[in-house]
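The following report concerns side-chain packing in one protein model. Please consult the sequence and the structure alongside the text.

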Amino acid sequence: MKKLELGAVSAIALVTAGMATAEPKAEVLHWWTSGSEAKSVAVLQKEFAENGGTWTDMPVAGGGGDAAMSALRARVLSGNAPTAVQLKGPAIQEWYEEGVLADISSVAEAEGWGDVLPASIAGHMKCEGSWCAAPVNVHRVDWIWANADVLEANGITMPTTWDEFNAAAAKLQAAGVIPLAHGGQAWQDATVFEAVALGILGAEGFRKAFVELDEATLTSDAMVAVFDQMRTMRGFVDPNFPGRDWNLATAMVMNGEAAFQIMGDWAKGEFLAAGAKPGEDFLCASVPGDGFLYNVDSFAMFDVDGEDNQAGQELLAKLIVGESFQTVFNLNKGSIPARVDVALDDFDSCAHLGAKDMAASADNGSLLPSYAHGMALRGAQAGAITDVVTAHFNSDMSSADAVQQLAAAIANSL
Ligand code: GAL
């Protein structure tokens, strides 16, 4: 009996000693592999190491994260989830419902996340009231980027309507410039599509179509016009667009081969990493129309065993929402901080424009989640829309057929 008690005491002592000496470890799955993305995630690796953490990198190339999400599924199914995963929007809730996410409320409460994050962002990070993800940034999706010299040489200013965009693109094409740098990957088609949709449907129409999945809006004349504009855009891309990575499309704008790119502000990260200056070398403007499509990157922690892994998750969560990381990371990434209390003094003019538009959109109800970047809908519904968008862009499907297919695909996915 005595021996048993002693044994129990030393077991407790061992566990306590183990906790005190836990060495934070994290295997981090993410899709940040372009030049500026890698530079950005390196900021987190550095802070993690400086705080005693050991980082195992699991980058899965592929913009937009589709390949990363397939890799995640395979890992979780084989019972070997990574400790921390770049995950966002409703996908966080979907994984939570699978019962595989760790609760990071103790860190969130100790760090006062509730006081420094806007309610709209905090809402995505909570699962049934507890904190299940840590936000990194706010990316805006509905941007047009342009090569300043190319526009000037052709007497063109940033378009403020789609008609102006089409006229500018036709003029550039006649002058031998590729009007629109685009990569033919489903998520990039979806990115351009939702930017066009915001402009043509307006904020309320966008919400009805891509948040509420309202059938009347999905099959409306305005949606037909969105597909018409996509058909026009298809005429403005070069023949080598299929499969091109987004950052290579950005490089085409940078080197003057192409005039415009419609892409989230991770594209700005690439311009800045190459030493290009906003307002001088490249221009930024929101796409024609009102509103702001947000895309918040975040990390979720998966339920894993081991004191070291759990210590790693806590340290990562704490650093991610920390002020210093939110500043340095976002300066590299092209986004703005998720925290409301981080000064934007060191940020460029595009970031200031984005922050101003975001505040105005929040006030007038036109701050909207990006469907193309997994903020508005669950995977099945977002995927159903993107399949139709891509099929239309890469064929001669009529706009009328596209809206019918859109409504049918969504109905099938519910
Ligand atoms: C987005 C992600 C961004 C950026 C982009 C291209 O979905 O939110 O951070 O990485 O994909 O990879």
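Apart from its neighbours within four places in sequence, Phe210 is in contact (heavy atoms within 4.5 Å) with Phe193, Ala197, Leu201, Met223, Tyr371, Ala376, Leu377 and Ile385. The model is predicted, with local features requiring pLDDT of at least 70 and side-chain atom pairs pLDDT 80 or more, whereas totals for chains, interfaces and linings use all residues. Residues are numbered from 1 along each chain as its sequence is written, and side-chain values use heavy atoms, without hydrogens and water.

Phe210 is among the residues with the most contacts inside the largest nonpolar core. Such a core is a set of buried Ala, Val, Leu, Ile, Met, Phe, Trp, Tyr and Cys residues joined through side-chain atoms within 4.5 Å; buried means under 20% relative accessible area, exposed over 50% and partly exposed in between, for a 1.4 Å probe and protein chains only. Two separate cores are listed below.

| Core | Residues in core | Residues included |
|---|---|---|
| Largest | 77 residues | Phe193, Phe210, Met223, Phe260, Tyr371 and Ile385 among them |
| Second | 63 residues | Ile104, Ala108, Met125 and Phe325 among them |

Helix α10 (residues 186-210) supplies the largest share of the largest core, 13 residues. Helices are DSSP runs of H or I with at least four residues, numbered from the N terminus.

Asp308 lies in helix α15 and counts as partly exposed because its relative accessibility is 25%. Leaving aside neighbours within four places in sequence, Asp308 is in contact with Ala22, Glu23, Pro24 and Lys25. Asp308 and Glu280 are 28 residues apart in sequence and 48 Å apart in space, C-alpha to C-alpha.

Technical notes. Helix = DSSP H or I, 4+ residues; strand = E, 2+ residues; numbered from the N terminus.
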